[in-house]
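Here are my comments on the model you sent, set out as numbered points. Please read them with the coordinates open beside you.

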Amino acid sequence: MKPSSKRPALLRELKNYLLFLKDYGYTEIPQQMELNLGASKETSKRVLSPSTQNKPGLLQEVREELGDCTRCRLSEGRNKIVFGSGNPNADLVFVGEGPGKDEDEQGFPFVGRAGKKLTEIIEKGMGLNREQDTYICNIVKCRPPGNRDPEADEIAACKPFLLKQLQVIRPKVIVALGKPASSTLLGRNVPITKERGTWHEFEGIKLMLTFHPAYLLRFYTLENRKAVHDDMKKVLEVLGK
Ligand code: SF4
């Protein structure tokens with residue numbers, strides 16, 4: 001790739017970092033931060049990134065800002081806000097759709113049947129540890145009634161918090177689970193059966209699209225299982241695992 005072709009993505013990433021810093025009250029660029037904008041290791045040290053910052057602390061600030069949220073109607077039927085769980089320093093983040101019944105009761109993402117499938121994919125399929133090697137969250141933090149898809153205004157109300165989570169963690173790879181997560185992150189209607197297994201970019205971070213584990217459980221065919229397995233193999237390659 002020619003250096004000039006990287007410029008729009010680099011500028012966008014720089015802008016996002018500056019907005020991120022502004023959000024968190026920085027008035028100048030902290031010297032100890034580094035930004036990996038595709039530059040060499042030597043030059044990247046001069047710019048900024050939250051990558052060396054206190055990510056658990058910053059994530060906690062995002063959680064506190066979310067508070068006892070009533071920004072959309074999903075607050076009306078929820079038991080618990082499901083913010084996210086896992087390692088804030090992980091290289092890999094999974095983004096799902098929204099909490100289901102079990103998640104709403106327990107306050108953690110992917111703890112029901114689909115969650116067990118996701119854990120199996122991570123631990124048996126990828127050979128990673130779910131709690132140590134990944135962070136998992138959803139595009140909306142409260143359970144949509146009857147497990148319906150979240151609506152556009154609900155996603156719009158909750159999305160700033162997803163963006164902040166991703167800006168704090170800045171993993172090497174994000175995996176979008178299913179159509180709503182893929183469409184939210186890419187800002188367009190994603191035909192997931194066509195586009196799963198393909199690489200995209202979200203704010204300078206590599207983004208893989210794959211099936212939601214609930215879809216996999218519903219259509220538990222060899223073909224679908226192999227598809228997800230192949231997608232995760234691509235993720236492992238990028239992670240160097
Ligand atoms: S879904 Fe998100 S925006 Fe809506 S009430 Fe819950 S936390 Fe707030």
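**The ligand shell and its surroundings**

1. The shell around the ligand draws most on helix H7, which gives three residues to it. The model is a predicted one, and the points below should be read in that light. In total, 14 residues surround the ligand, and the closest are Cys69, Cys72, Ser75, Cys142 and Cys158. Sorted by class, the shell holds nine nonpolar, two polar and three charged residues; a reader who takes cysteine for a polar residue should note that Cys counts as nonpolar here.

2. Where does Cys142 sit in the chain? Its place is in the loop between strand E3 (134-138) and helix H7 (152-169). Although Cys142 belongs to a loop, this residue is buried, because 28 other C-beta atoms lie within 10 Å and 20 or more are enough for that label. Leaving aside residues up to four places away in sequence, Cys142 touches Leu74, Ser75, Arg78, Ile81 and Pro99; of these, Ser75 is also listed among the closest residues to the ligand. Cys142 and Lys80 are 62 residues apart in sequence, yet their C-alpha atoms are 7.1 Å apart in space.

3. Helix H7 deserves a careful look, since Cys158 is one of the residues closest to the ligand and a kink of about 40° lies at Cys158 in H7, shortly before the proline Pro160. Even with this kink, the 18 residues of H7 reach 25 Å from the first C-alpha to the last, which is close to the 26 Å expected at 1.5 Å a residue. The buried residues of H7 include Cys158 itself, together with nonpolar side chains such as Ile155, Phe161 and Leu162, and also Glu154, Lys164, Gln165 and Gln167.

4. H7 is followed by Arg170, which is found in the loop between H7 and E4. Which sign does phi take at Arg170? The value is positive, near 40°, in a residue other than glycine. Most residues other than glycine have a negative phi. Arg170 is also buried, because 24 other C-beta atoms lie within 10 Å.

**The sheet**

5. Six strands form an open sheet in the order E1-E3-E2-E4-E6-E5, and the pairing is mixed. Strand E1 (85-86) and E5 stand at the edges, and each has a single partner strand, so one side of each is left without a neighbour in the sheet.

6. Strand E2 (residues 92-96) pairs with E3 in the parallel sense over five bridges, and four bridges join E2 to strand E4 (residues 173-177), again in a parallel run. Phe94 can be followed across both pairings: its bridge partner in E3 is Ile136, while Val175 stands opposite Phe94 in E4.

7. Is E2 mostly covered or mostly open? The strand is mostly covered, with five of its five residues buried. In a regular strand the side chains alternate between the two faces of the sheet. In E2, Leu92, Phe94 and Gly96 point one way and Val93 and Val95 the other way, and all are buried.

8. Strands E5 (residues 199-202) and E6 (residues 205-210) run antiparallel and are joined by four bridges. Within this pair, Glu201 has Lys206 as its bridge partner in E6, and Phe202 has Ile205. The two strands form a hairpin with two residues between them. Glu203, in the loop between E5 and E6, has a positive phi near 50° although this residue is not a glycine. Glu203 counts as partly exposed, because 18 C-beta neighbours lie inside 10 Å, whereas Arg170 is buried.

**The protein as a whole**

9. The protein has 11 helices and six strands, and 38% of its 241 residues count as buried. Among the contacts with a separation of 6 or more, 67% are between residues 24 or more positions apart.

Technical notes
Residues numbered from 1 in each chain as written. Predicted model: local features only at pLDDT ≥ 70, side-chain atom pairs only at ≥ 80, totals over all residues. Buried ≥ 20, exposed ≤ 12 C-beta atoms within 10 Å, placed from the backbone. Contact = placed C-beta atoms within 7 Å. Pairing = 2+ DSSP bridges. Near = placed C-beta within 6 Å. Expected span 1.5 Å × (residues − 1). Bend = angle between axes of the 7 residues up to and from the residue.
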